[in-house]
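Work through these exercises with the coordinates open. Try each task before reading its solution.

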Amino acid sequence: MDKDISITDRTKAFAIRIIKACSFLDEKAGVCRTLSKQLLRSGTSIGANVHESRSAQSDKDFLHKMEIALKEARETEYWLEILIESEVVDKSKFDPLLREADEIVKILVASTRKIKNRLNENKFLKLDATERN
């Protein structure tokens with residue numbers, strides 16, 4: 001995947017790939033349909049939360065939405081791992097999705113750390129200004 005693409009666009013493209021994968025899984029009987037629903041919910045929720053974060057009312061609200069996206073990305077990794085390791089799906093078809101989920105997790109971890117650091121710096125600056133007054 002192109003490294004210059006925004007996280008919003010990247011998670012949207014990922015959601016579309018997840019939808020296609022789940023359509024494939026829904027054609028199979030039994031456990032595939034159940035796992036497909038779990039994967040569909042978490043895999044599309046990542047992008048929805050990232051997209052929603054663009055309208056955050058504060059840095060804390062932005063962080064909260066990005067942390068939810070991170071949780072959903074980790075859950076998506078889990079469902080993909082379960083599908084692959086149980087040999088319910090062909091590893092060669094689903095491994096690229098798992099790698100992309102891992103990349104998204106890494107981006108979201110870095111983003112949330114950066115936001116937390118900025119919030120902590122702002123908190124210390126406010127405390128320091130209060131002490132000077």
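**Exercise 1. A network**

Which residues are linked with Glu52 in a network of salt bridges?

Solution. The model is a predicted one. Asp61 and Lys65 join Glu52 in the network. The total under the salt-bridge rule is 8.

**Exercise 2. A pair across the chain**

Find the salt-bridge partner of Asp59, then place both residues in the fold.

Solution.
- Step 1: partner. Asp59 pairs with Arg118, and their closest N and O atoms are 3.5 Å apart.
- Step 2: location. Asp59 sits in helix α3 (residues 59-85), while Arg118 belongs to helix α4 (residues 91-132). The two residues are 59 positions apart, so this pair links distant parts of the chain.
- Step 3: exposure. Asp59 has a relative accessible area of 32%, so it is partly exposed. Arg118 reaches 34% and is therefore partly exposed as well. The partly exposed class runs between 20% and 50%.

**Exercise 3. One lysine, two acids**

Which salt bridges does Lys106 form with Asp102 and Glu103, and how does helix α4 space the residues?

Solution.
- Step 1: Asp102. The N to O distance from Lys106 to Asp102 is 3.3 Å, a salt bridge. Both are in helix α4, 4 residues apart, so about one helical turn separates them.
- Step 2: Glu103. Lys106 also bridges to Glu103, here with 4.0 Å from N to O. The spacing in helix α4 is 3 residues, again about one turn.
- Step 3: the cut-off. A salt bridge needs the nitrogen within 4 Å of the carboxyl oxygen.
- Step 4: exposure. Lys106 is partly exposed because its relative accessible area is 48%. Asp102, at 29%, is partly exposed. Glu103, at 27%, is partly exposed too.
- Step 5: the principle. Side chains of opposite charge can pair when their charged atoms come close.

**Exercise 4. The surroundings of Arg33**

Is Arg33 buried or partly exposed, and which backbone oxygens does its side chain reach?

Solution.
- Step 1: location. Arg33 lies in helix α2 (residues 31-53).
- Step 2: exposure. Its relative accessibility is 40%, so Arg33 counts as partly exposed.
- Step 3: contacts. Setting aside residues up to four places away in sequence, Arg33 touches Leu25, Asp26, Glu27 and Lys28.
- Step 4: polar atoms. A polar atom of the Arg33 side chain is 2.9 Å from the backbone oxygen of Asp26. The Arg33 side chain also reaches the backbone oxygen of Lys28, at 3.1 Å.
- Step 5: C-alpha distance. Cys22 is 11 residues from Arg33 along the chain, and their C-alpha atoms are 8.1 Å apart.

Note on methods:
Residues numbered from 1 in each chain as written. Predicted model: local features only at pLDDT ≥ 70, side-chain atom pairs only at ≥ 80, totals over all residues. Heavy atoms only, no water. Buried < 20%, exposed > 50% of the residue type's maximum accessible area, 1.4 Å probe, protein only. Contact = heavy atoms within 4.5 Å. Polar contact = N/O pair within 3.5 Å; in protein donor to acceptor, adjacent residues only side chain to side chain. Salt bridge = Lys/Arg side-chain N within 4 Å of Asp/Glu carboxyl O.
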